[in-house]
Amino acid sequence: MSNLLNSILSNQSIQPSIQAKTPEFTFDADGKVKPLNYKGKLLPSRLFATPKEYAHDLKQDILSIGKAAKGKANDYELGRINDVAMKLGSLGLASYLFIKNPLKLDKAMQFIGFGTFFGGMALWPKLAIQAPLRARTGVDIHQKYIDSQGRKKMLHQDPQYDLTDLYSREDLDTMGEKLKVSDDIHDRDNFIKQRAKKTAIQGNTLWMMSSFVTPILSAMGCKALEEPVGNLIEKGSLISSAINLEKGMGPVQKIKNFFAEKSLQRFLRKNSGKAMTDELISQITQKLGDSANSADISAAIKESLKQMKQKPALSADMVSSAIAGIKDISSEKIAAAMTNPEVASAIESGSVDKVADLLSKAAFDGKRTGRQSQVKSTIKNLINKSIKEQSVSDLTDEVAGKIKGLQSSLLSFSSDRALLDKYLGARVVEKDGTFIARQWNRVCTKVLKILKLNDAELSALANGEISVLDKKFTQLAADSAKYEQAIAEITKLINKYEAQLGNASEGDRAFISKVQAKAHEMCAKAVKGIDSDDLSKVADAIKTSENTIVRNAGERTMGAQSSFYRLLQTFELYKQLDKNAGGDLTSKLTEALKKQGIEPTQTMIDKLLKSCKHILLEAKTTDYTEKLAANNFNLSQNEYKAVMSVLFDTKNKSTQVKRVLEKQFGPEETAKILKGFESYKSQFREKVVNWENPMKSSFADYLLDEATHSPNATERSNLVGSTVKDTIQGCARKMKNTKFWTKMFGISLAVITAATLIIGLTFGRKSKMEKQAEQESKING
Amino acid sequence: MFYKIGVQNNTIRGNNQVSFGKKESDKKSVCENHDRLLVEEMDKHPISTSLKINAEKLTNAFVKYPIKGFKGSKNANFYQFLQMGTVPYLLGSAAMMAVFNLARIGFNTPNAKSAAKLGNKMALGVAFYGIMKNLSKKFIELPVKHVRGIDVNMPYDKIVYELPEKGNENNLVQHENHKAFESVDFPRWDLFYNNEYFGDERNSYYKKVSEKFGYDPGEIDHSDQKMKSVIKETVVKTKLFTTLSSYFWAASAVGVAMQEPWEKMLFNPIQRLRNLKDHAKIKKVMPDDFFIIDFAKKLGKSFGEFIGVDFGKIVKNLKNHEKITKGLEKATKTQVAGRVLFGAALGLTVLGNFFALNDFSKDKGSKTQASTSLIDDSREKVVC
């Protein structure tokens, strides 16, 4: 080849294009071209590339794609494009799943999954193979070099393409020492290079054979990051929803509203002057309803639009034809009455009432009788009916103007409402990933941790075996240190929750008043915007929605609070059941039964004690409506009353819990918590357990009550809250699954890592043949 | 070693039998063995040849090459390293399926059920990813093969003479399954010369390709010189777009696997096998339980959901042209994203076909003269 090259270069007149490049060549003494000096060099090893390197590589990759599209790229560039495409495709998929998943945490996890997967892919060989091998043998199996064309490659990628000449003296010495290559052998450098190459082949093979661990690493990484990321998102949405609520509509919403307005305007222009048929009204309602985002408001809009049809002016002909054929007035009388100037002026003024009055009087010759007033109302109805039938109106500019005004009010209202919904969603909506759901999860996890369950107990609890919970609560009540810790931890978490809703001292009350003020402000603003009388129904619907918003927020807060108090009450109950700690539930029950006029037996007491546990651990709203009949307790009215009076006794100031709380939080804080607790109990007693509440004959009746939206039903179910069993069982399931999953894949990962590290230890050792060869090469040998 | 390009005969084996591994010819002296295209095998038995090649590659990747690699053999090479890449690809896919499915054996029934919903989808996602990533490449490669006569996947049997290790000198001839155009820097042009499969002449292959590109082979002086650059450009473009599009096809396939219809699929092979024995049960469940039909239906429905098109409605309204839009429902945000992902895959494939099937440099050069020919065809060439 060099001959060919020399002949080309010497014959420059034939190849003028190569002439320009000649200065790059160097010539030997015979005037022959010498090979170019190499510019390749090793690159320093780093765990991550610098941002500058990333930017440079990215630029090169983009240029490569351009080159490849023209068919000019080389193998190296195509290889890099493959990596870029893989990342682009994966990002595309992550973005798709980001959009597909409704929850913020799930959304975030898509990109975290992408990151941990590629991160795991890059880090695994570095940490499990490259780093230990480098520390032990001095050979960096992922040593990179940059070649004369500026391409970055791995030095040991192709063992048949020997680039070990790029190693510096220092590199060789370090490797030689670590690989224990004798100092006194011929051609020592070559020995070292061969050993380095061998080690690299072994390391690269291990890399390929163990990389299947990447999905497990990625999954473990995601699991580890899920909690902190969830916390960040939770805090983020709490803060951002509060700021956005104060700030009002954001730019994105403004743009959306702008387009919604334009779309309606286009639609109104297109249909301008057309008759307001029912179909057109429906279309307009749909467009406005999209802005309102509420079924009630949409219905009000439709009704209002129908009423906006223009009424025809009252005329003598119209009146005559409307009342023609009426039995009580002969046509002559009608004709005569019509000539009456009084009637004419009434028709002109458009007053249907006056016209009907005058005509009916004319029918009975001016006499006011009962019959006359009947005829009057018949005439009035007939005229009104006729007016309604003849009311055909067009989509005039005036009507269009009213619709536009309504839309702008509705858009602003729905934007404000969306912000308020987000604010409430972040705080009181119990959905996966929201503050309240996560806080409850924390509470339950804490309880489970304090209860110290072994695997079998956790499993039983996850399966809903209530006996485990009963046993554990009993044990907890007997251990005062743990008992205090449990109550303190839970109360702390709940306090945090209340502080998050409003200020720490007022808690949820401050929160509700804030929601109320905001809801009132936005509804008032919207109603003010709708000044036309024709649209009063829409204004009313908006006013009603104010109450709905506040009520929903209140109910949700109440539900969360009730669940907490119920847990606290359960703790209290188990302390009262513990006779060693001065628990006096049995004596209280006996006393209560006596008050009801029953002489208690031991069986009865046992049954009632059992029902007490059931009420706090498992009872749902239906249990109260059916007075615990469903669970075969078969309590008589007096027994039921006795149990409830003991459990929801507001006179007994929760002494057990009080003592613990005072120790942990001081008297002031305790008083606050207990005030809420007592108020909960008294409300519960009044609204839920009251025997006089209608006794339902069946569950279906109860559901029917729900179906008619009886406010009592919702309030009752909110007061009952979620059962201790359900909450703890759900949490136990989650905990058990996580434990099982982590154990399974944690062990797999540990085994694979250990195997990789151990196999790595065998690399770089001298084989018998190598030892022999080394021996034979000894200078003094 | 010297051998003459002009004399070398890249012909196919006489008996047309497909056989791999140890070959009769391996016993020949080093100079008598040479690389050869598997063009006839691929033409006559495309499926069995591909399967055999892949099976051999797979066993080598899992057994032969790792053993060599762990020993640090001096005969280890880059090809073997790349082949071992199949191991993490397959085992990693299995690990991914395991991560989402294996743990549910320890879950409680309701959790296991909801985990199964996700697990089904994830397992399908992994499978769909692999299938579409490979299958989608054919959307560009096949048109290129048929229109331009260039098979970018043309396999060849490469003979590797290894260095002796530990006295195993008798086993020095190794076979590797390569592709003639796997390197665009160094395509195996030599294998196409004097290949009887393409014709009697030395340049038959290049002449055939030149014809497909619209040249008159009789008018081109050096069809090989002229066509090599054109073929190379086509191969580069094909590779670029197959690579780019394949990841978007794979991503779209995962998107399809993530749709709701798969949640209801009870993919329980053991249960199905048990049912197979019980004819009464089969008859009872047959209409709904026929796996392939059920699978195909779900696939169609999922794809429809993925891009927001109701194919059922479109088919129903086929005769009613005005109502055909009924099937194109108002797409949700997710479906718009699905359309974008699928559109990217489809767009890149269409673009790939456009670029790869167009010869942009055709009009720039002379049609009859090889522009960069440095080789005098009349001289015998010697390469070392």
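In what order do the 3 strands of the open sheet in chain B lie? Select β2, β3 and β4 of chain B in this predicted model: the order is β2-β3-β4, and the pairing is antiparallel. At the edges are β2 (36–37) and β4 of chain B, each of which pairs on one side only.

**The β3–β4 pair, chain B**

Now narrow the selection to β3 (155–161) and β4 (173–179) of chain B. These two strands are joined in the antiparallel sense by 7 bridges. For one facing pair, pick Tyr161(B), which stands opposite Val173(B) in β4(B).

**Asn194, chain B**

Follow chain B past β4 into the loop that leads to α7 (204–212), and stop at Asn194(B). Its phi is positive, about 50°, although Asn194(B) is not a glycine. Is Asn194(B) buried or exposed? Asn194(B) is buried, because 21 other C-beta atoms lie within 10 Å and 20 or more are required.

**The contact between the chains**

Next, show both chains and select the residues where they touch. Chain B puts 51 residues into this contact and chain A puts in 50. On the chain B side, the elements that give two or more residues are α2 (46–71), α3 (78–83), α4 (86–101), α8 (223–257) and α13 (333–357). Colour α8(B) separately: its 15 residues are the largest share of that side. Coloured by residue class, the chain B side shows 29 nonpolar, 15 polar and 7 charged residues.

**Lys452, chain A**

Move to chain A and select Lys452(A), in the loop between α18 (435–451) and α19 (455–462). Here too a residue other than glycine has a positive phi, in this case near 45°. Lys452(A) is exposed, because 11 other C-beta atoms lie within 10 Å and the limit for an exposed residue is 12 or fewer.

**Helix α20, chain A**

The last stop is α20 of chain A, residues 466–478. From first C-alpha to last, this helix of 13 residues reaches 19 Å, close to the expected 18 Å. Display the side chains of its buried residues: Val468(A), Leu469(A), Lys472(A), Phe473(A), Leu476(A) and Ala477(A). Why do they sit on the same side of α20(A)? They lie there because they cover an arc of only 165° around the axis. An α-helix has 3.6 residues a turn, so residues three or four places apart point the same way. To see what the buried residues of α20(A) pack against, add α18, α19, α21 (480–501), α23 (536–577), α25 (602–617) and α31 (724–761) of chain A.

Note on methods. Residues are numbered from 1 along each chain as its sequence is written. Chains are lettered from A and ligands numbered from 1 in the order in which they are written. This is a predicted model: local features need pLDDT of at least 70, side-chain atom pairs count only at pLDDT 80 or more; totals for chains, interfaces and linings use all residues. Helices (H or I, at least four residues) and strands (E, at least two) are DSSP runs, numbered from the N terminus. The expected span of a helix is 1.5 Å times one less than its number of residues. The arc is that of the directions from the helix axis to the C-beta atoms. Two residues are in contact if their C-beta atoms, placed from the backbone, lie within 7 Å. Ala, Val, Leu, Ile, Met, Phe, Trp, Tyr, Cys and Pro count as nonpolar, Asp, Glu, Lys and Arg as charged, and the others, Gly among them, as polar. Two strands pair if DSSP finds at least two bridges between them.
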